[in-house]
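This report describes the structure shown below. It proceeds from confidence and overall architecture to individual residues and side-chain pairs.

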Amino acid sequence: MSLYFRRLFNRRPPAGLVEISSNILVFDHCFSTDMLEEDELKPYIGGILKQLLARYSIDSLMVFNFEGGKKNNQTARIFSGYNMSAMGYPRNYEGCPLLTLEMIHHFLRSSESWLSLSQDNYLLIHSEYGGWPVLAFALAALLVYLRRCKDERKALEMIHKYAPPGLVELYSPLDPAPSHLRYLKYVSRRHKSPELWPPADRTLNLNCAIIRTVPNFDGEGGCRPIFRIYGPDPLAPHDSSAKVLFSTPKTDDFVQLYTQEDSEIIKINIRC
C-alpha cells in the first residue's frame with residue numbers, strides 16, 4: 001500500500017504547478033489575475049523549483065518562458081540561479097500578444113523532441129504577466145501537435161478551463177479565440193499533410209477586410225476602424241524585422257463612421 005501511495009504522490013505535480021497533460025507542467029500563477037511584484041517572483045519560482053528538483057533530475061527538465069517586454073529578464077535570471085536555462089519566446093509582436101509561425105514551429109518541434117527522448121522528461125512552462133493569450137494558444141497547439149487532443153476547439157477549451165473568469169478579457173481587449181482556432185488548424189495540417197507544415201513563407205495580397213458585426217467602440221453603437229498591418233518587407237527578404245506595410249490614411253475619406261443601426265457588416269478596401 002505504501003508503494004502505491006508513493007507512486008501516486010510522485011505522479012502529482014509539486015505545489016505551485018499545474019499538469020496540463022502528461023509531463024507538461026505550468027506555473028499556476030500563469031492562470032491567475034493576480035500580478036506578482038518583482039520582489040515576490042523570486043521566492044515564488046524558487047520555492048517551486050526547490051520542490052521540483054527534490055523530486056526530478058535537473059537534466060530531465062526543459063524550460064520555456066514566454067517573455068514580457070523588459071530587456072533585463074528577471075525570470076531568466078531566477079532559472080539561471082538554479083542552473084536551469086530557460087528558452088525564451090518574445091510574446092509581443094508590435095504590441096500584440098502573439099507568436100510568429102517560426103516561433104510556434106520551434107516551440108512545438110522542441111517540445112515533441114524532448115518528450116520523445118524519455119518518458120521521464122518534463123516540460124516546465126512559464127509565462128510572464130499578461131501572456132495568457134499566447135500561453136493558452138501555445139498549450140492548445142502542443143496538445144494538437146502531440147495528438148493528445150484531436151479537436152482544435154476542444155484543446156483550446158480544455159486550456160481555458162484552467163483560467164478564472166475574466167482572465168481572457170483582462171489581457172486581451174479583443175477575443176483571441178477565432179485567431180487561435182485558425183492557427184490551430186494550421187498546426188493540425190502537420191498530421192494530415194506533413195508537407196504543408198510549417199506553412200511556407202509567401203507573399204499574400206490582402207484586398208479587403210470584413211467585419212461581420214459592427215462593434216460598439218464609441219459607446220453609441222458605432223466605430224471608425226483604422227487598420228495597421230505589420231510584417232517583414234517582401235521586397236527585402238533578408239530583413240525579418242517588422243515594418244508598417246499598410247496604415248489607413250487618417251482622413252475623412254478613409255476613416256468613416258459605421259453604426260450598428262446603418263450597417264450589418266463592414267467591408268473596407270485594403271489592397272496591401
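## Confidence of the model

In the protein chain, where is confidence lowest and where is it highest? The model is predicted, and its confidence is lowest in helix 1 (residues 2–11), with a mean of 46. Strand 2 (residues 24–27) stands at the other end, with the highest value, 96. Over residues 1–9 the pLDDT is below 50, and this stretch has one contact in the model beyond near neighbours in sequence.

For the protein chain as a whole, the average pLDDT is 86. A score of at least 70 is reached by 94% of the residues.

## Overall architecture

The protein chain contains eight helices and 13 strands. Its C-alpha trace spans about 75 × 45 × 35 Å along the principal axes. Of the 272 residues, 40% are buried. Among contacts between residues at least 6 apart in sequence, 67% join residues at least 24 apart.

The accessible surface of the protein chain amounts to about 16800 Å², and carbon and sulfur atoms account for 51% of that area. A nonpolar surface patch of about 300 Å² is formed by M35, Y129 and L170. Within this patch, L170 belongs to helix 7 (residues 167–171). L170 has a relative accessible area of 45% and is therefore partly exposed.

## Annotated regions

Two regions of the chain carry annotations from an unreviewed UniProt entry. The annotation "transmembrane region" covers residues 129–146. In the model, residues 129–146 are 78% helix and 0% strand, and the C-alpha atoms at the two ends are 27 Å apart. Y129, a member of the nonpolar surface patch, falls at the start of the annotated range.

The UniProt feature "domain: C2 tensin-type" is placed at residues 201–272. Here the chain is 0% helix and 29% strand, with 17 Å between the end C-alpha atoms.

## Salt bridges

Side chains of opposite charge can pair when their charged atoms come close. How many salt bridges does a search of the whole structure find? The search yields three. In one of them, the side chains of E112 and R190 meet at 2.7 Å, N to O. E112 lies in helix 4 (residues 101–117) and R190 in helix 8 (residues 177–192), and the pair links distant parts of the chain, 78 residues apart. Both partners are partly exposed: E112 has a relative accessibility of 22%, and R190 has a relative accessible area of 21%.

Helix 8 also contributes K185, whose side chain meets that of E152 in a salt bridge of 3.7 Å, N to O. Because E152 is located in helix 6 (residues 152–160) and K185 in helix 8, this pair ties together parts that are 33 residues apart in sequence. The burial of the two residues can be stated separately: K185 is partly exposed, with a relative accessible area of 47%, whereas E152 is buried, at 11%. A further salt bridge joins D239 and K243, with the closest N and O atoms 2.6 Å apart. D239 is partly exposed at 31% relative accessibility, and K243 is partly exposed at 31%.

## Positive phi angles and a buried loop residue

Most residues other than glycine have a negative phi. Which value does phi take at N23? Phi of N23 is near 70 degrees, a positive value in a residue other than glycine. N23 sits in the loop between strand 1 (17–21) and strand 2. With a relative accessible area of 10%, N23 is buried.

R271 likewise has a positive phi, of about 50 degrees, although it is not a glycine. R271 is found in the segment after strand 13 (266–269). Is R271 buried or exposed? R271 is exposed, since its relative accessible area is 63% and the threshold for exposure is over 50%.

S60 occupies the loop between helix 2 (38–55) and strand 3 (61–67). S60 has a relative accessible area of 8% and therefore counts as buried, the cut-off being under 20%. Leaving aside residues up to four places away in sequence, S60 touches W114, D120, N121 and Y122.

Conventions. Residues numbered from 1 in each chain as written. Predicted model: local features only at pLDDT ≥ 70, side-chain atom pairs only at ≥ 80, totals over all residues. Heavy atoms only, no water. Patch = residues over 30% accessible without salt bridge, like charges linked within 9 Å, V, L, I, M, F, W, Y side chains within 5 Å. Areas by Shrake-Rupley, 256 points an atom, 1.4 Å probe, with all protein chains shown as cover. Salt bridge = Lys/Arg side-chain N within 4 Å of Asp/Glu carboxyl O. Helix = DSSP H or I, 4+ residues; strand = E, 2+ residues; numbered from the N terminus. Buried < 20%, exposed > 50% of the residue type's maximum accessible area, 1.4 Å probe, protein only. Contact = heavy atoms within 4.5 Å. pLDDT = per-residue confidence, 0-100. UniProt positions renumbered as here; feature names shortened; annotations may be inferred.
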